[in-house]
Amino acid sequence: MDHRKAHELFQVACDHGVEVGCVPLGFMYQQGDIVPKDLDRAVALLEPACERGKVEVCSGLGELYEKERGDPASALVYFEKACAGGYAEACAAAQRLKAQ
């Protein structure tokens, strides 16, 4: 797979408001392997999908805030949102944070 080409295509899709382009693009910016790591850009790309009920994305944002930003309070908000949507892993993460 040509990762640079994938980035380009995801960017075009996202620029046109296509969520299936924005989510992988957001994770690319979170990981920083294909493009320079940019957590602010990652959050901006991922939050709309979370707001529309994509529980896996909400959980991913919880991980970003917990592990990469050191912000357990914000992480808990995202984990609880994903948990409310039935994402069991996020429920466990929320419980773990509450126990700390």
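This is a short talk on the fold of one chain and a few of its residues.

Hi everyone, thanks for coming. One thing before we start: what you see above is a predicted model. Let me take the whole chain, then one aromatic pair, and then a handful of single residues.

So, what is the chain built from? It has six helices and zero strands. If you read along the sequence, the pattern is simply α-α-α-α-α-α.

How about overall dimensions? The C-alpha trace spans about 45 × 25 × 20 Å along its principal axes. The radius of gyration is 14 Å, and a compact globule of 100 residues would come out near 13 Å, so the chain agrees with that expectation. As for long-range contacts, take those between residues at least 6 apart in sequence: 31% of them join residues at least 24 apart.

On to the surface. The accessible area of the chain is about 5,700 Å², and carbon and sulfur atoms hold 54% of that. Of the 100 residues, 40% are buried. For those of you who think in electrostatics, there are 11 positive and 16 negative side chains, and the centres of these two sets lie 1 Å apart.

Now for the rings. How many aromatic pairs does a search of the whole structure find? Just one. The partners are Tyr 65 and Tyr 78, with ring centres 5.4 Å apart and planes at 20 degrees. Why do we call the pair stacked? Because planes under 30 degrees apart count as stacked, and these two sit at 20 degrees. The pair also links distant parts of the chain: Tyr 65 belongs to helix H4, residues 55–68, and Tyr 78 to helix H5, residues 72–84, with their positions 13 residues apart. Are these two tyrosines buried or exposed? Tyr 65 has a relative accessibility of 10%, so it counts as buried, and Tyr 78, at 8%, counts as buried too.

Let's stay in helix H4 for a moment, since Glu 66 is there as well. Its relative accessible area is 18%, which makes Glu 66 buried. And what is Glu 66 in contact with, once we leave aside neighbours within four places in sequence? The list is Asp 71, Ala 75, Phe 79, Arg 96 and Leu 97.

Let me finish at the other end of the numbering, in helix H1, which covers residues 3–15. I picked out three of its residues.

His 3 is in this helix and is partly exposed, with a relative accessible area of 42%. Not counting residues up to four places away in sequence, His 3 touches Met 28 and Ile 34. From the C-alpha of His 3 to that of Pro 36, 33 residues along the chain, the separation is 13 Å.

Ala 6 also lies in helix H1, and at 12% relative accessible area this residue is buried. The C-alpha atoms of Ala 6 and Gly 60 are 20 Å apart, with 54 residues separating them along the chain.

Last one: Gln 11, again in helix H1. Gln 11 is buried, with a relative accessible area of 16%. Which residues does Gln 11 touch, not counting those up to four places away in sequence? They are Leu 25, Tyr 29 and Arg 41.

That's my tour. Thanks for listening, and I'm happy to take questions!

Key
Residues numbered from 1 in each chain as written. Predicted model: local features only at pLDDT ≥ 70, side-chain atom pairs only at ≥ 80, totals over all residues. Heavy atoms only, no water. Helix = DSSP H or I, 4+ residues; strand = E, 2+ residues; numbered from the N terminus. Buried < 20%, exposed > 50% of the residue type's maximum accessible area, 1.4 Å probe, protein only. Rg over C-alpha atoms; globule rule 2.2 N^0.38 Å. Contact = heavy atoms within 4.5 Å. Areas by Shrake-Rupley, 256 points an atom, 1.4 Å probe, with all protein chains shown as cover. Lys, Arg positive; Asp, Glu negative; His and termini not counted. Charge placed at Lys NZ, Arg CZ, Asp CG, Glu CD. Phe/Tyr/Trp six-rings, centres within 6.5 Å; stacked < 30°, edge-to-face > 60°.
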